[in-house]
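Student: Could you take me through one part of this model closely, the nonpolar core and what surrounds it? I would like a connected account rather than a list.

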Amino acid sequence: MRTNATDSALVETIGEYKRIASEAVPASELQGMVNNLVSGFPNSVQSIQGLSASLQSLIIWGLPLDFYTTYRERLSAVTPDDIKRVGASKLTPDNVIVVVAGDLSKIEAPIRARNLGIVEVWDANGNKVR
């Protein structure tokens, strides 16, 4: 991210987060994303690393061993209403925590000027500065 665009990128990101939590995703936007995920899935498991990551997901999330058998079909069945329903029940747009790393002297004032919420500054060792 460019330092001079950090504040505007935060505004856009938080806006998208709020939109997903409150509005239906346009069908064409969802279809494009689903097509991308469905068509990219075979490539994602062709390497040892990709296959290993998929197997780890089964174990970590307690998914059934046949989870990936119908993965693409289930993705294709997702509707804008499904996204809206899950977004409304799982996302908390009024309680977002965003971590930004960068040159504090260049990004702090523009971020504060956006009045996005409480801004805290922490050092590289995890100590709160202000």
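Tutor: Gladly. A nonpolar core here is a set of buried Ala, Val, Leu, Ile, Met, Phe, Trp, Tyr and Cys residues joined through side-chain atoms within 4.5 Å. Keep in mind that this is a predicted model. With that meaning, the largest nonpolar core has five residues: Val25, Leu30, Val34, Val38 and Leu75. Helix α2, which spans residues 27–44, gives the largest share of this core, three residues. An α-helix has 3.6 residues a turn, so residues three or four places apart point the same way.

Leucine 30 is a good place to look outward from the core. Leaving aside residues up to four places away in sequence, leucine 30 touches Val25, Val78, Thr79, Pro80 and Ile83. One of these partners, Val25, is itself a member of the core.

Let us now turn to the aromatic residues. The structure holds five aromatic pairs. One of them joins phenylalanine 67 and tyrosine 68 edge-to-face, with 5.0 Å from centre to centre and 85° between the planes. Tyrosine 68 also pairs edge-to-face with tyrosine 71, at 5.5 Å centre to centre and 65° between the planes. Phe41 joins Phe67, Tyr68 and Tyr71 in one aromatic cluster. Burial separates two of these neighbours: phenylalanine 67 counts as buried because its relative accessibility is 19%, while tyrosine 68, with a relative accessible area of 22%, is partly exposed. The cut-off that divides them is 20%, since buried means under 20% relative accessible area. The ring of phenylalanine 67 has a charged companion as well: the charged end of arginine 74 sits over this ring, 4.2 Å from its centre.

For contrast, consider a hydrophobic side chain elsewhere. Isoleucine 59 belongs to helix α3, residues 48–60. Isoleucine 59 counts as exposed, because its relative accessibility is 69%. From isoleucine 59 to alanine 88 there are 29 residues in sequence and 28 Å in space, C-alpha to C-alpha.

Helix α6, residues 104–113, shows how burial can be arranged on a helix. Its buried residues include Ile107, Glu108 and Ile111. They lie on the same side of α6, because the arc they cover around the axis is only 105°. Helix α1 (6–22) is among the elements that cover the buried residues of α6. On the face turned away from that buried side are the exposed residues Ser105, Lys106, Ala109 and Ala113. Just after α6, asparagine 115 takes a positive phi of about 50°.

Finally, here is the setting of these details. The secondary structure comes to six helices and zero strands, in the pattern α-α-α-α-α-α along the sequence. The radius of gyration is 19 Å, well over the 14 Å that the globule rule gives for 130 residues, so the protein is more spread out than a compact globule. Along the principal axes, the C-alpha atoms fill a box of roughly 50 × 35 × 25 Å. Buried residues make up 17% of the 130 residues. Of the contacts with a separation of 6 or more, 59% are between residues 24 or more positions apart.

Methods: Residues are numbered from 1 along each chain as its sequence is written. This is a predicted model: local features need pLDDT of at least 70, side-chain atom pairs count only at pLDDT 80 or more; totals for chains, interfaces and linings use all residues. Side-chain values use heavy atoms; hydrogens and water are left out. Rings of Phe, Tyr and Trp (its six-membered ring) pair if their centres lie within 6.5 Å; planes under 30 degrees apart count as stacked, over 60 as edge-to-face and the rest as tilted. Buried means under 20% relative accessible area, exposed over 50%, partly exposed in between (1.4 Å probe, protein chains only). A charge sits over a ring if NZ of Lys or CZ of Arg is within 6 Å of the ring centre and within 35 degrees of the ring normal. Helices (H or I, at least four residues) and strands (E, at least two) are DSSP runs, numbered from the N terminus. Contact means heavy atoms within 4.5 Å. The arc is that of the directions from the helix axis to the C-beta atoms. The radius of gyration is taken over C-alpha atoms; the globule rule is 2.2 Å times the number of residues to the power 0.38.
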